[in-house]
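Q: I'd like to learn how to read a few features off a model. Can we start with the cysteines?

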Amino acid sequence: MLARTAAAKTDRPFPTLVLELEARATWNGHVCGVDEAGRGPWAGPVSAAAVILNPDDLPPGIDDSKALTEKRRAALEPLIKSRALAWGVGFASVEEIDELNILHATGLAIRRAVEALAHAPVHALVDGNYRFKLPCAVTPVVKGDSRSLSIAAASILAKTARDRLMIEMDATYPGYGFASHKGYNAPIHQKALQTLGPCPEHRRSWAPIKALLDVA
């Protein structure tokens with residue numbers, strides 16, 4: 001209720017199942033929502049999630065992950081997983097990002113998430129404007145995480161999965177502050193890089209990291 005009230009006050013659209021139902025009527029089968037997390041950070045993998053929601057058993061409060069608090073995302077994650085008809089999470093590593101570039105690495109993570117679904121979808125609604133190659137039909141949806149409940153649910157799973165990995169990474173590579181900024185550009189991250197240099201989980205093809213390596 002709070003999320004709906006806030007959305008109304010800001011005139012921000014609240015995600016629904018309209019796009020899913022339209023696609024399902026056309027394609028006659030399971031429709032999944034897909035989103036990614038971690039395209040912009042300087043360190044860590046990019047993650048993606050795919051979700052096929054059960055329209056008769058929707059967890060309350062699903063919204064764009066960016067509109068939710070960390071606590072709310074953590075509470076919704078198990079509800080989405082337990083009530084969805086199927087869900088999958090995929091990653092593309094730092095090495096794959098540096099080798100393929102971030103766009104193609106994101107596509108790889110998305111394909112892995114879709115292929116991890118217990119039920120093969122006939123159609124995927126993917127957040128953004130790029131038509132990734134997947135083992136099913138694809139519809140890109142601009143601002144999909146604020147329009148489609150399935151994409152919003154996927155945004156939550158992708159975000160929580162990656163955040164958990166970055167917290168674990170903080171213990172492996174202490175000093176960078178991964179648990180707090182999750183690999184994104186932040187003053188503590190910049191300072192740590194100047195002091196410690198890049199660790200194995202930094203994206204070496206990223207200009208700020210590449211510049212440090214070139215100086216070294």
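A: Sure. A disulfide here is a pair of cysteine sulfur atoms within 2.5 Å. This is a predicted model, where local features need pLDDT of at least 70 and side-chain atom pairs count only at pLDDT 80 or more, while totals for chains, interfaces and linings use all residues. Residues are numbered from 1 along each chain as its sequence is written, and side-chain values use heavy atoms, with hydrogens and water left out.

Q: How many disulfides does the structure hold?
A: Zero. The closest cysteine sulfur to that of Cys-32 is in Cys-136, 5.3 Å away, which is too far for a bond.

Q: Is Cys-32 buried or exposed?
A: Buried means under 20% relative accessible area, exposed over 50%, partly exposed in between (1.4 Å probe, protein chains only). Cys-32 has 0% relative accessibility, so it counts as buried; Cys-136, at 14%, counts as buried too.

Q: What about charge: which side chain of opposite charge is nearest to Asp-35?
A: A salt bridge needs a side-chain nitrogen of Lys or Arg within 4 Å of a carboxyl oxygen of Asp or Glu. Lys and Arg count as positive, Asp and Glu as negative; His and the chain ends are not counted. For Asp-35 the nearest is Lys-66, 5.5 Å away, and this buried Asp-35 has no salt bridge.

Q: Where is Asp-35 found?
A: In strand S1, residues 31-37. Strands (E, at least two residues) and helices (H or I, at least four) are DSSP runs, numbered from the N terminus.
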